[in-house]
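Biologist: Please take one part of this model and look at it closely. I would like the backbone described first, then its surroundings.

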Amino acid sequence: MSLPQTCDVVVVGLGAMGSAALYQLAKRGMNAVGIDRFSPPHDQGSTHGETRITRQAIGEGEVYVPLVLRSNELWKELEAETGERLLVQNGCLIMGSSAPASGGVIRSAFLERTQKSAIAYDIPHEMLDAAEIRRRHPQFMPREDEIGYFEPGGGYLNPERCVAVQLELARALGAVAQLGTRVISVSPEGSGVKVVTDQGELLAGQAIVSAGSWASSLLGAPFARLLSPARQVMHWFEVDPDYARHWSQSPVFAWGHGPSPNDFFYGFPSLSGSNAIKTAGEQYDAFVHPDEVERTVTPAESIAMYETHLAGRVRGLRPHAKRAVTCLYTVTPDSHFLIDRHPESERILVVSPCSGHGFKHSAAIGEAAAQCMIDGTSKVDISAFGLSRFSL
């Protein structure tokens, strides 16, 4: 398919945010073109790996709660329309010290802020002591000074299917998805935006740049110094048969166990037909260029994951990973989202480098981006994610 020459809105990057934005634009009758250098859903960015946690009370800040609540509504609408299962609400358990040390910008007082969000938005939840966590979920071994927040409405999303479904619906509604096409530049041009690609040029009325870890190099200043791609690793550890039932019925979980931002890991139940669970830590000290990231995960990295996070905290997992893959976070200086107009053009909207906690919000972010293109503003307040909080 050749690249169209003009459109109302172009969406650069069709991962979590871009696929949602393209669908929402097409749903509202816009002449929209989406461009991606790969063929989403793919495993080169931030939107892959079978599962992504979703939770309604957001420890990163109450400002995120309207986004995730609206996203849950949108996932359910998509499920009803397509018959796909995208959202599984099997519960979410967040564990940590009852007297936590500061652990980075968004992880400090994470449990406390999660509970505060739940209370503010009347989200059903329970607070559990260590003994109750062990009684309900024998696979977890919290210390006596650790507690848990349990949210029955939390769970996980299927990121690949979420992206695929929204792209399929967008195409059915008339949008163009131009895949295998590398965007070289996005710049103001007269009363619109010129997008130069390796397949030709396109002139759009407006542009949404949702290029994830490639946004930094594509957009230049001031984004180049605000957006830092970070290599992450996801591991799948085999479940011991004696704990198969516990892991298959497990909630998703997140566990902060120390003062460093890296003292944090999360995981999922074993999925149907699988005898392994996916789990991962977070690395904020391995910044990379997305075209140069080391995609191979060494056995030593999985061993370190087990020894640093899993050993002594979970039961019923074999110590050697069955497989492991990389993904990318795009981290801002304060680890919060960035959604704002480009300082050089109101017609270019930069959407959500999410610092590793964005997928759960992506359906609503896509809707908000489409509303900004069509109505000039979004129904959900996204002003907290603007550039003005940084010194430019």
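Modeller: What follows starts with a helix, moves to a small group of strands, and ends with backbone angles in loops.

This is a predicted model, in which local features need pLDDT of at least 70 and side-chain atom pairs count only at pLDDT 80 or more, while totals for chains, interfaces and linings use all residues. Residues are numbered from 1 along each chain as its sequence is written, and side-chain values use heavy atoms, with hydrogens and water left out.

Helices (H or I, at least four residues) and strands (E, at least two) are DSSP runs, numbered from the N terminus. Helix α1 covers residues 16-27. The expected span of a helix is 1.5 Å times one less than its number of residues. For the twelve residues of α1 that gives 16 Å, and the end C-alpha atoms are 17 Å apart, which agrees. Eleven of the twelve residues are buried, where buried means under 20% relative accessible area, exposed means over 50%, and partly exposed lies in between (1.4 Å probe, protein chains only). Among the buried residues of α1 are Met17, Leu22, Tyr23 and Leu25. After α1 comes Gly29, with a positive phi near 85°.

Next, the strands. Two strands pair if DSSP finds at least two bridges between them. Strands of a sheet pair through backbone hydrogen bonds, either parallel or antiparallel. Here an open sheet of three strands runs in the order β3-β8-β4, with antiparallel pairing. Because β3 (52-54) and β4 (87-88) stand at the edges with a single partner strand each, one side of each has no neighbour in the sheet. Three bridges connect β3 to β8 (residues 155-157) in the antiparallel sense, and one pairing sets Thr54 against Gly155 of β8.

The loop between β2 (32-35) and β3 holds Pro41, which is joined to Pro40 by a cis peptide bond with omega about 0°. That loop between β2 and β3 also contains Glu50. Glu50 is not a glycine, yet its phi is positive, about 80°. Its relative accessibility is 33%, so Glu50 counts as partly exposed.

Similar backbone features occur elsewhere in the chain. Ser355, also not a glycine, has a positive phi of about 55° and sits in the loop between β19 (345-351) and α10 (362-375). Ser355 counts as buried because its relative accessibility is 1%. A cis peptide bond with omega about -5° links Ala221 and Pro222, and Pro222 is in the loop between α6 (215-219) and α7 (223-226).
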